[in-house]
Amino acid sequence: MSELEVQIGRFLAELARAQVSPHTLEAYSGDLRQFLYYFTPPGGEPPPLAKFEVLEIREWLAELYSRKLTAVSIRRKLAAARALFRFLSREGPVSINPARLVRTPKAPKSLPEVMTAEQVNGLIDTVAADKFERPHPARDRAIFEFLYGCGIRVSELVGLDLEDIDRAERWIRVRGKGKKERQVPFATKAADALERYLAVRPMAPRERALFLNHRGRRLTARGIGGIVKVYGILVNGDSSIHPHSFRHAYATHLLADGADLRAIQELLGHARLSTTQKYTQVSLTDLMEVYDRAHPKA
């Protein structure tokens, strides 16, 4: 096993001990596996760690560009390499972090596609009507109500435990990025869906997760993504709908109805207001479309 492969293994083990999210760990593992593969010649071994300099990292980035990867993907892979060499410089195998000296590619500024309130409510109402004879309709409805009614990330949704729900005051305790906790309210429809689901939730004394799969274990983010996709296809014929679509809709609809941007930032758990402000741009885009369609001078 090469020195680089050993150190990548140590770095991933350190991330696991730090209890990063499974999604983050999987992404770093895949990107660094590709990094190792690129620098390993057929039948040989990658260069010693001391040989890695800015030129090598730039050469690797050039190869990623030649494969027509998006700027977002390249940024993520470069971030993985930076994190690896930051770990190695801290632990001693290298003296500098060469990846830190490479300029990050600029990501295109794109606005999220947002469903209208009518589209979201139509989808959730159809899920609640149980027209497709799905195996767990009460659970599925509660999932949609909490995704849209609370605007939480799918990782936060699957992390909810029974004790995180205050059913009397209608609050949930959410563990977000960086292990930061926040409280998010939920409304009448979500409360009703929750009660209906809890009435049929499988008995699993040792499992404290709120949302369970068919084996009585905690649902995964991938599992919820699959549920959302199935209903998106069945109801709207749209396979592009995913859990984050409801977070975008939640924020955009709150803003359109007059909610304060700072309050939305707190509800979403954004560390920076600039992240929340992209929903302002979405609303302005919608307003311009309305203006162009309706104003006689447009």
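**Exercise 1.** Which helices do the buried residues of α2 pack against in this predicted model?

*Solution.* Begin by listing the residues concerned: the buried residues of α2 are Gly-30, Asp-31, Leu-32, Phe-35 and Leu-36. Then look for their partners, and you will find that these buried residues pack against α1 (3–17), α3 (54–66) and α4 (71–91). Turning to the other side of one of these pairings, the buried residues of α4, among them Ile-74, Leu-78, Phe-85 and Leu-88, pack against α1, α2 and α3.

**Exercise 2.** Work out what span is expected for helix α2 and for α4 at 1.5 Å a residue, and compare each value with the distance between the end C-alpha atoms.

*Solution.* The expected span is 1.5 Å times one less than the number of residues. For the 17 residues of α2 (residues 22–38) this gives 24 Å, and because the end C-alpha atoms are 24 Å apart, the two values agree. For the 21 residues of α4 the expected span is 30 Å, which again agrees with end C-alpha atoms 30 Å apart. After α4 comes Gly-92, whose phi is positive, near 120 degrees.

**Exercise 3.** Decide whether Arg-139 is buried or exposed, and then describe its surroundings.

*Solution.* First locate the residue, which is found in helix α6 (residues 137–150). Buried means under 20% relative accessible area, and therefore Arg-139, at 9% relative accessibility, counts as buried. Next consider its polar partners: the side chain of Arg-139 makes a polar contact of 2.9 Å with the side chain of Asp-140, and it also reaches the backbone oxygen of Leu-212 at 3.0 Å. Finally, leaving aside residues up to four places away in sequence, Arg-139 touches Tyr-197, Phe-211, Leu-212, Asn-213, Leu-219 and Ile-227.

Notes
Residues numbered from 1 in each chain as written. Predicted model: local features only at pLDDT ≥ 70, side-chain atom pairs only at ≥ 80, totals over all residues. Heavy atoms only, no water. Helix = DSSP H or I, 4+ residues; strand = E, 2+ residues; numbered from the N terminus. Buried < 20%, exposed > 50% of the residue type's maximum accessible area, 1.4 Å probe, protein only. Contact = heavy atoms within 4.5 Å. Polar contact = N/O pair within 3.5 Å; in protein donor to acceptor, adjacent residues only side chain to side chain.
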